[in-house]
Amino acid sequence: MSSETTAHGKSALAGLTLGALGVVYGDIGTSPLYALKEVFNAGHVPLTPANIIGILSLVFWTLTIVVSLKYVTLIMRANNKGEGGTMALLALAGTAVADRPRLKLALLLMGILGAAMFYGDGVITPAISVLSAIEGLELATPAFKPYVVPITLGILFGLYAIQKHGTGAMGVVFGPITLIWFLVIAYFGVVWILREPAVLAAINPLLALEFALTHGHVTLVVLGAVFLSVTGAEALYADMGHFGPKPIRLAWFGLVWPALLLNYFGQGALLLSNPAAVENPFFLMVPEGLLLPMVGLATMATVIASQATISGTFSVTKQAIQLGYLPRMRVIHTSIKETGQIYIPAVNWMQFGAIVAAVALFGSSSALATAYGIAVTATMVLTTLMTFFVIRYLWKYPAWLCYGATAFFLSIELVFLSSNVLKVFSGGWFTLAIAGAVFTVMLTWKQGRRLLSDKLREDAIDLKSFLDAVFISPPHRVVGSAVFLSAEPGTTPNALLHNLKHNKVLHEQNIFVTVKHHEVPWVTAAERVHIEELGNRCWQVSLNFGFKDEPDVPAALTLLAKHDVQLDDMETSYFLSRDIVIPTIGSGMALWREKLFASMHRNAAAAADFLHLPANRIVELGSKVQI
């Protein structure tokens with residue numbers, strides 16, 4: 001390998017690592033703004049030196065075990081062809097237990113619940129991050145207090161309003177700003193550690209254990225606030241496909257983890273020196289003359305953290321649509337170069353509406369902290385359980401290792417989940433309400449699609465038999481090609497039946513296309529098309545896409561040329577069947593769920609747009625289906 005190639009590789013790694021700082025670590029990187037403050041603000045633990053050291057020890061070991069060991073070292077190995085996150089893990093775990101229907105159903109429910117929890121967390125993250133940064137203005141002058149919420153909402157509105165223009169230009173500065181953020185918070189941490197070096201005793205795990213044993217049930221309450229230090233850990237796994245595991249690990253061990261620990265320990269040192277600083281230890285670490293610049297930097301960092309959450313929500317939604325867990329929505333690509341940069345208007349404004357409700361309802365980062373955590377801990381527990389099925393049944397790791405590792409992490413995460421359950425009535429209900437609504441929608445859509453598919457299959461006519469019957473006395477053939485889209489291969493599309501009934505013609509070439517989405521992120525061009533000749537210039541074609549592929553049907557059909565099937569763009573028409581779902585009382589779902597499914601099915605984005613079909617060459621023919 002030449003030195004030039006090596007230098008290029010190092011440069012690419014440095015660029016990806018810098019990019020990962022802005023996208024992956026925005027959420028967890030801004031947690032020092034509120035995490036330690038909330039531990040003591042609840043009033044459950046007296047502000048004594050022993051308690052400060054004990055809680056810092058809990059923070060240190062929580063970051064070490066949950067993030068460094070579980071996510072960065074282990075979970076990132078369970079990737080689906082390089083992709084991470086709940087939906088990718090669900091697809092991988094589903095493959096692992098494909099021959100066990102009951103286990104697969106349990107995993108399906110876990111995956112949908114995990115994704116639903118992600119949406120709940122996605123509302124709280126931008127709200128608490130930006131709000132906690134703007135609250136720093138109160139320390140400059142109490143006169144700012146009435147304006148904290150309006151300023152926060154104004155910043156968040158601006159952020160959501162610019163999503164339709166894409167974030168490519170802003171993305172260039174995300175990494176450098178986040179790098180400055182981590183260096184600055186590490187610096188102020190070191191300044192205070194040097195003044196109170198006794199705080200470094202918190203590295204001793206026995207002090208965390210001593211605190212837990214001394215305070216009994218109060219420890220459970222405290223852990224709910226300590227857990228705020230690891231919110232955003234799921235992003236390490238979810239964003240793995242964008243940057244790869246190496247840059248994410250390098251950024252964590254090389255900068256993020258040390259900077260977070262130094263800042264937390266610095267806040268602890270400040271509290272040892274001045275217990276009155278507990279009202280906002282993060283900003284009170286900073287000299288008064290630098291307070292406003294620090295608030296400005298914190299605001300930029302929290303906006304970046306919020307942007308990462310928004311982008312993650314768009315990405316998860318697109319994956320869920322293609323895996324069949326959500327109805328089609330309008331997806332706008334905001335970059336010609338980057339297919340991952342997308343904008344989903346419906347999701348964007350629904351999420352902003354929920355954030356406005358959260359900020360208006362809770363009013364402060366301390367109040368919002370009660371709503372934060374339960375969704376993240378539940379997602380972490382579900383991730384651990386799904387990973388078990390991957391390592392045990394897909395990778396065939398030894399049983400003792402799989403059960404031992406799963407039990408170790410579950411024992412820790414279930415304690416954190418229990419501590420966050422205590423916050424359900426004070427604020428956690430808000431996140432659970434959002435997650436519950438999304439879970440209901442996703443499960444209803446998945447089951448509704450299955451019922452619709454079963455009904456269509458039940459009433460379907462075999463395609464080969466139908467064509468044989470048609471060509472006994474063939475209709476008039478017209479110039480051009482007809483592409484009939486059908487959900488089930490081998491069945492006669494309703495659009496073909498209606499076309500023959502009303503127009504009494506058949507095109508010169510007829511291609512019956514079924515689009516299949518597979519539980520892998522990408523499908524290669526060589527595997528994209530499967531073709532079967534039916535005779536009389538008719539073909540059955542299956543187009544294969546991964547859940548991160550762009551389902552561009554016309555582009556995929558150009559691959560038929562190597563099978564001697566030539567399609568002229570200007571002489572090709574696309575026929576779609578648009579089914580109108582009629583809910584009925586019977587053996588399907590509850591009537592209200594069938595009505596919900598029918599409404600979602602009716603309002604889903606047009607299949608033609610989703611499949612990138614040319615608008616001026618589409619023929620849609622409808623039919624009613626009772627479920």
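Charged side chains come in nearly matched sets in this predicted model: the protein chain carries 40 positive and 38 negative side chains. The centres of these two sets lie 4 Å apart. The accessible surface amounts to about 26400 Å², and carbon and sulfur atoms contribute 64% of that area.

Turning to overall dimensions, the C-alpha atoms occupy a box of roughly 95 × 60 × 55 Å along the principal axes. How does the radius of gyration bear on this picture, and what is its value for the protein chain? The value is 27 Å, which agrees with the figure near 25 Å that a compact globule of 627 residues would have. Of the 627 residues, 53% are buried. Contacts tell a story of their own: among those with a separation of 6 or more, 83% join residues 24 or more positions apart.

The secondary structure of the protein chain consists of 27 helices and eight strands. Helix α22, spanning residues 463-470, offers a helpful close-up, with L463, F466, L467 and V470 buried. These four residues lie on the same side of α22, because the arc they cover around the axis is only 95 degrees. And what do the buried residues of α22 pack against? Their partners are one helix, α23 (494-502), together with the strands β4 (505-518), β5 (529-535) and β6 (538-546).

Notes
Residues are numbered from 1 along each chain as its sequence is written. This is a predicted model: local features need pLDDT of at least 70, side-chain atom pairs count only at pLDDT 80 or more; totals for chains, interfaces and linings use all residues. Side-chain values use heavy atoms; hydrogens and water are left out. Helices (H or I, at least four residues) and strands (E, at least two) are DSSP runs, numbered from the N terminus. The radius of gyration is taken over C-alpha atoms; the globule rule is 2.2 Å times the number of residues to the power 0.38. Buried means under 20% relative accessible area, exposed over 50%, partly exposed in between (1.4 Å probe, protein chains only). Contact means heavy atoms within 4.5 Å. Accessible areas come from the Shrake-Rupley method with a 1.4 Å probe; for residues, only the protein chains shown count as cover. Lys and Arg count as positive and Asp and Glu as negative; His and the chain ends are not counted. The place of a charge is taken as NZ of Lys, CZ of Arg, CG of Asp or CD of Glu. The arc is that of the directions from the helix axis to the C-beta atoms.
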